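Colleague: I'm new to reading models like this one, so please take me slowly through a single part of the chain.

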Amino acid sequence: MNHKQQNTPPTKKERRVEIAVFSVLGALFLFTAAFLAGWFGRYSALGKDKRALLWAIDTAKDNYYKEITDDDLYGQIFDGFALDDYSCFYTASEFKRISDEKEGVSEGAGFSVYLDENKHIRVYSVAGNSPAQEAGLRDGMYLFAYGASAEELTKGTINEFVSWAGAQKGEFFLKCGLDENEETAKVYSLAMGTYTTTYCTYRDSESSFAFRGKTPKLTETNEPLAGLDGATAYLKLDQFNGGAAKEFKACLDKMAERGRSNLVLDLRLNGGGYMDILIEISSYLLKDVPKNVSPVVAYAEFRNGEKISYAAAGSKYYDYFDEDSKITVLADSNTASASECLIGALVDYGTVGYGDIILRKDPVSGVARTYGKGIMQSYFNDKSGNVLKLTVAEIFWPNGHSIHDRGVIESDGAKAIEAPVLYDVQDTFLQEAIKLLPAGSGSGAGGDLV
């Protein structure tokens with residue numbers, strides 16, 4: 001048998017294999033040494049705060065009483081990435097939801113809740129064309145109980161309700177009412193779903209119209225607004241998202257079709273939205289714009305001193321209004337960002353004066369103002385689709401005025417009405433605002449105020 005003993009020297013070929021193996025091992029050793037040297041060099045070059053962060057992450061992973069993953073740790077870190085109230089980190093999936101909402105595509109029931117000063121759970125806002133809106137919920141309602149069936153309803157804290165509602169997949173039931181009296185409340189049936197959010201509502205003294213349906217169309221809803229005269233329309237704009245610009249134009253077309261030339265523009269609870277939508281909407285409302293001029297709606301100033309102006313394509317004001325038309329703006333402490341930009345453009349182009357702005361005055365503090373957000377955010381994404389939203393610039397009105405951390409306030413010359421932050425049964429603020437409209441705008445007969 002041709003058998004090798006263990007101490008037989010390797011052949012030349014076998015030696016080449018051994019040399020190759022040792023060469024690979026040597027290369028790996030050198031690579032590892034170089035890698036570690038590079039890592040330690042980079043680590044030592046970090047500032048003490050960054051080193052402390054790396055140490056905290058490693059220590060938590062090794063010693064926390066429960067096993068935690070990188071996702072757990074980094075999720076907490078990114079959740080805390082808040083340089084201000086508006087800068088934040090989104091995972092790819094979270095940002096997809098944000099992007100869908102810009103297009104008006106939403107999932108859920110379409111309402112949010114709020115704990116008022118008397119510890120009542122209230123419906124803060126109801127999205128247009130949502131399951132909640134279709135079921136009959138409305139802003140300001142009191143939420144008394146909830147459950148998976150109409151016969152078995154539970155009471156709970158606002159956190160318990162939010163947690164419960166978020167877990168619902170099919171039909172569920174809410175007991176809601178327009179005032180604190182639970183005896184008069186009704187049970188509403190609704191379900192989570194995918195829907196197209198709509199943002200504009202039109203009303204006048206004879207009827208009302210809103211966008212409804214899977215492919216939303218302007219539909220008569222028969223909720224006339226009492227107190228308006230035959231020349232005045234009311235237009236509620238909820239956000240500068242999705243199809244808001246097209247909806248806004250459709251409402252103006254309806255206003256013209258119905259012979260109205262004065263407008264009450266309601267921006268209450270409008271927290272803003274996207275600059276391109278703001279620019280398009282503003283083009284219908286800027287009065288003192290020379291022909292063939294692209295009016296600057298707002299401009300941004302960045303850290304390096306660079307300024308960028310945002311201009312509308314032109315002015316279509318006289319397509320819907322005449323020289324004597326009156327526009328009145330309704331606003332509150334939740335009127336923010338793009339809404340405040342729009343108000344600034346209306347003021348600077350002579351569409352309204354400060355006396356044409358009606359603010360909600362808080363009954364407790366006595367303060368009447370808009371929110372005061374005059375800064376702009378931009379999105380930065382990595383290759384994985386994660387997104388960092390950062391405040392990048394301060395925003396100014398066309399004339400250079402900044403409302404950041406100030407807002408539009410009563411001492412500017414705006415009118416003020418004392419009213420609760422959430423709508424009550426009669427929407428007291430709107431009812432009182434109609435009484436303050438210019439002569440000839442608020443004295444006609446109409447339907448019930450709802």
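Colleague: In which helix does Ser282 lie? Please look closely at that spot, and then show me a few other places to compare.

Modeller: Ser282 lies in helix H8. Before we zoom in, note that this is a predicted model, where local features need pLDDT of at least 70 and side-chain atom pairs count only at pLDDT 80 or more, while totals for chains, interfaces and linings use all residues. Residues are numbered from 1 along each chain as its sequence is written, and side-chain values use heavy atoms, with hydrogens and water left out.

Let's start with Ser282 itself. At 0% relative accessibility, Ser282 counts as buried (buried means under 20% relative accessible area, exposed over 50%, and partly exposed in between, with a 1.4 Å probe and protein chains only). Its side chain reaches the backbone oxygen of Ile279 at 2.7 Å. That is a polar contact, meaning a pair of N or O atoms within 3.5 Å; within protein, one must be able to donate a hydrogen and the other to accept it, and residues adjacent in sequence count only if both atoms are side-chain atoms. If you skip the neighbours within four places in sequence, Ser282 is in contact with Val297, Ala312 and Leu342 (contact means heavy atoms within 4.5 Å).

Leu342 takes us to the helix next door. Two packed helices are described by the angle between their axes and the distance between the axes. The axes of H8 (residues 275-282) and H9 (residues 338-348) come within 10 Å and cross at roughly 30°. That makes H8 roughly parallel to H9. The word has cut-offs: under 35 degrees is roughly parallel, over 145 roughly antiparallel, 65 to 115 roughly perpendicular, and the rest oblique. The axes are lines fitted to C-alpha atoms, for helices over the stretch in contact, and the angles run from 0 to 180 degrees between N-to-C directions. H8 passes H9 in a right-handed crossing. On the H8 side, the contact is made by Leu278, Ile281 and our Ser282, and on the H9 side by Ala338, Cys341 and Leu342. Sort these residues by type and you get 5 nonpolar, 1 polar and no charged. For that sorting, Ala, Val, Leu, Ile, Met, Phe, Trp, Tyr, Cys and Pro count as nonpolar, Asp, Glu, Lys and Arg as charged, and the others, Gly among them, as polar.

H8 also packs with H7 (residues 244-257): their axes come within 9 Å and cross at roughly 15°. H7 and H8 are therefore roughly parallel to each other. This crossing is right-handed, which means that the near helix is turned clockwise from the far one by less than a right angle; anticlockwise would be left-handed. Ala244, Ala245 and Phe248 of H7 meet Ile277, Glu280 and Ile281 of H8 here. The tally for this contact is 5 nonpolar, no polar and 1 charged.

Now for some places to compare, beginning with a strand. Arg360 sits in strand S17 (residues 357-361), and it is buried, with a relative accessible area of 6%. A polar atom of the Arg360 side chain lies 2.7 Å from the backbone oxygen of Ala419. Leaving out neighbours within four places in sequence, the contacts of Arg360 include Ala331, Asp332, Val367, Arg369 and Phe429.

Another strand residue, Ala210, is found in S10 (residues 208-212) and is buried, at 1% relative accessible area. Ala210 and Thr221 are 11 residues apart along the chain, with their C-alpha atoms separated by 6.6 Å.

Two loop residues are worth a peek as well. Most residues other than glycine have a negative phi. Asn222, not a glycine, has a positive phi of about 55°; this residue is in the loop between strands S11 and S12 and is exposed, at 55%. Asp405 has a positive phi of about 60°, again without being a glycine. Its place is the loop between S19 and S20, and at 63% Asp405 counts as exposed.

Finally, zoom out. The chain has 10 helices and 20 strands, taken as DSSP runs numbered from the N terminus (helices are H or I, at least four residues; strands are E, at least two). Of its 450 residues, 39% count as buried.
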